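Let's take a walk through a protein model together. Keep the picture open while you read, and turn it around as we go.

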Number of protein chains: 2
Amino acid sequence: MSGTRFTPINLKNLSLLIENDNLIDWMPACDDFTSIRGARMTSRSTSHSDLIAATALDVRAAIRSGAYTGHTAGLAAGKLQCNLAILPERFALDFLRFCQRNPKPCPIVGVGDTGEASLPTLGRDIDIRTDVSKYRVFRNGTLSEEVTDISDVWADDLVTVALGCSFTFENALLRNDIPVRHIEKGLNVPMYRTNIDLVPAGRFGGKMVVTMRPIPQAQVAQAYEISRRFPQAHGAPIAKGDPAQIGIADLSQPDWGDAVEVRSGEVPVYWACGVTPQNVLLDAGLPICITHSPGHMLIADVAEDAETTILKTPKTTN
Amino acid sequence: MSGTRFTPINLKNLSLLIENDNLIDWMPACDDFTSIRGARMTSRSTSHSDLIAATALDVRAAIRSGAYTGHTAGLAAGKLQCNLAILPERFALDFLRFCQRNPKPCPIVGVGDTGEASLPTLGRDIDIRTDVSKYRVFRNGTLSEEVTDISDVWADDLVTVALGCSFTFENALLRNDIPVRHIEKGLNVPMYRTNIDLVPAGRFGGKMVVTMRPIPQAQVAQAYEISRRFPQAHGAPIAKGDPAQIGIADLSQPDWGDAVEVRSGEVPVYWACGVTPQNVLLDAGLPICITHSPGHMLIADVAEDAETTILKTPKTTN
């Protein structure tokens, strides 16, 4: 652990955690990182680099054992990573309706049975109470605790909903030689509140959050085409060009994440963002709701470029 | 109406309705067409050909007024047509989970609010109680009635689920010069029970039903690639070649629809079929459940090749 330098930065709207000049975590400013620094630094007995070649199953095992509590970017390459929302059954039908109506910010990739911690369509032997490296527990719309295990919060009426994440299409852009500036720069993607109304369902609704990536003009059409192939991961962009058209006043002032330069010959391109459902859940003020912590995703066994997000278990019986 | 000749054929497993040598309707043999022939023939004051150039909105209006009660194949070209499942709210969460886990036979394209007859994400001014030309009402797993309006069956606890249908990818195959034999021959697509287990949810489960289309060997890869672009309409095939691998004993004996010839140089290709959720609903024995009648689909305003099935209503507010 020698040489590791953690720097918490608590801004007005956002708390950042910087590790050796890399932003490794962020959260809305309902809490800050100061209080969790000690826990993070002492519990990490397996490092990100130790796991870089591990399978999804092995990464989940390291997380379940408590040996790894870090972020999941770059782990289990080629496997689908998921945003997580766990909520009481009585809100689950409306939340699924909300996600179905807003498929670009909220692409549903898995739904658990009520009170059941496994997610067999996403991976073998998943236990959603232990297999994510960091969780946030919200009570009545306020962050209550940030933990590495939710076994003692788990209840028989909880339903797990897994949603796709942008890692999937970013990997596809990179494979096709389309540059992704924030990755090049080791920054977090810039995220913005927009004026785009979500289609509501029950108590769920609000405005869409987007990410922005500057794309060279000549590659914009290709970026649309490639990301459209991943409806399970936000799909094609929702807009490009002038930020004012979607209610963004200043690209240099993202609401979350880091500003990145838009160079001459580049077009700012906007994708629906997985922070959208997190904000919507927060605003809904549910008595309890659990999400992953940003960057600490659920890693599935499903390939990120599979046609569906249902684990292929060829099973036929007569 | 002169020259129109209706021939009901009631087989052991299937009832067919033939109009001037074209199969225009079929249903499982829990009922037969004899009893509804009179109603069909007298109420049809607008013909299929009258509506061939009409918009989706106009077709729905003709259906709502009672002027048109026929099938929807070929109407509102380019618009998404949907399978329909209406069920009590207390079963809706499990049914949505079931569909999410079986996205190829059961692609969800729209979900209504509880007790609400509109489907604003699928179309303007849809009233699901009147805008489908023929419905089947099932009670306790048995066909109870076949009607052209469900206003008097509608209840405050009902939830509408719309699912994609194969018209979408068939149109795309034809546009790409891939022949579709049953369309060429004016037949219904052959459908088969398989031994492929569905992923269950609550009381919903069973075996997948597939359709078969013979595709020239040289075009099979293209047929996969084209239909994969339509996850909202069953997506890529689930198998090709030997029918025994998925538990089909004899291609010349489909469980529903018509047998079609597989010629030398052609490969039988199998797609997941929208009859799957209908069978699953029937087997679940719900106290009440309403579906469209086969071929009498809900016509949406959404383009069948749109990236998502959410009607684009660019709406931003500050």
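In which helix of chain A is A:Arg228 found? Look for helix 6, which covers residues 220-228. Keep in mind that this is a predicted model.

Let's stay with that arginine for a bit. Is A:Arg228 buried, exposed or something in between? Its relative accessibility is 40%, so A:Arg228 counts as partly exposed, a label for values that are neither under 20% nor over 50%.

Now check who sits around it. If you skip the neighbours within four places in sequence, A:Arg228 is in contact with A:Gly235 and A:Ala236, and also with B:Asp305, B:Ala306 and B:Glu307. One of these chain B residues is worth zooming in on: the side chain of A:Arg228 reaches the backbone oxygen of B:Asp305 at 3.0 Å. For a sense of scale, try A:Ile52, which is 176 residues away from A:Arg228 along the chain; their C-alpha atoms are 28 Å apart.

Next, see what helix 6 rests against. This helix of chain A lies across strands 10, 11 and 12, and runs at about 15° to strand 12. Helix 7 (residues 275-284) of chain A packs on the sheet too, touching strand 9 and strand 10, and its direction makes about 160° with that of strand 10.

So what order do the strands come in? The open sheet has 4 strands of chain A, ordered 9-10-12-11, with antiparallel pairing. Strand 9 (191-197) and strand 11 (239-240) stand at the edges with a single partner strand each, so one side of each has no neighbour in the sheet. Further in, strand 10 (residues 207-216) and strand 12 (residues 266-272) pair over 7 bridges in the antiparallel sense. You can spot one pair there: A:Met212 has A:Tyr270 in strand 12 as its bridge partner.

Terms used:
Residues numbered from 1 in each chain as written. Chains lettered and ligands numbered in written order. Predicted model: local features only at pLDDT ≥ 70, side-chain atom pairs only at ≥ 80, totals over all residues. Heavy atoms only, no water. Helix = DSSP H or I, 4+ residues; strand = E, 2+ residues; numbered from the N terminus. Buried < 20%, exposed > 50% of the residue type's maximum accessible area, 1.4 Å probe, protein only. Contact = heavy atoms within 4.5 Å. Polar contact = N/O pair within 3.5 Å; in protein donor to acceptor, adjacent residues only side chain to side chain. Pairing = 2+ DSSP bridges. Axes fitted to C-alpha atoms, helices over the stretch in contact; angles between N-to-C directions.
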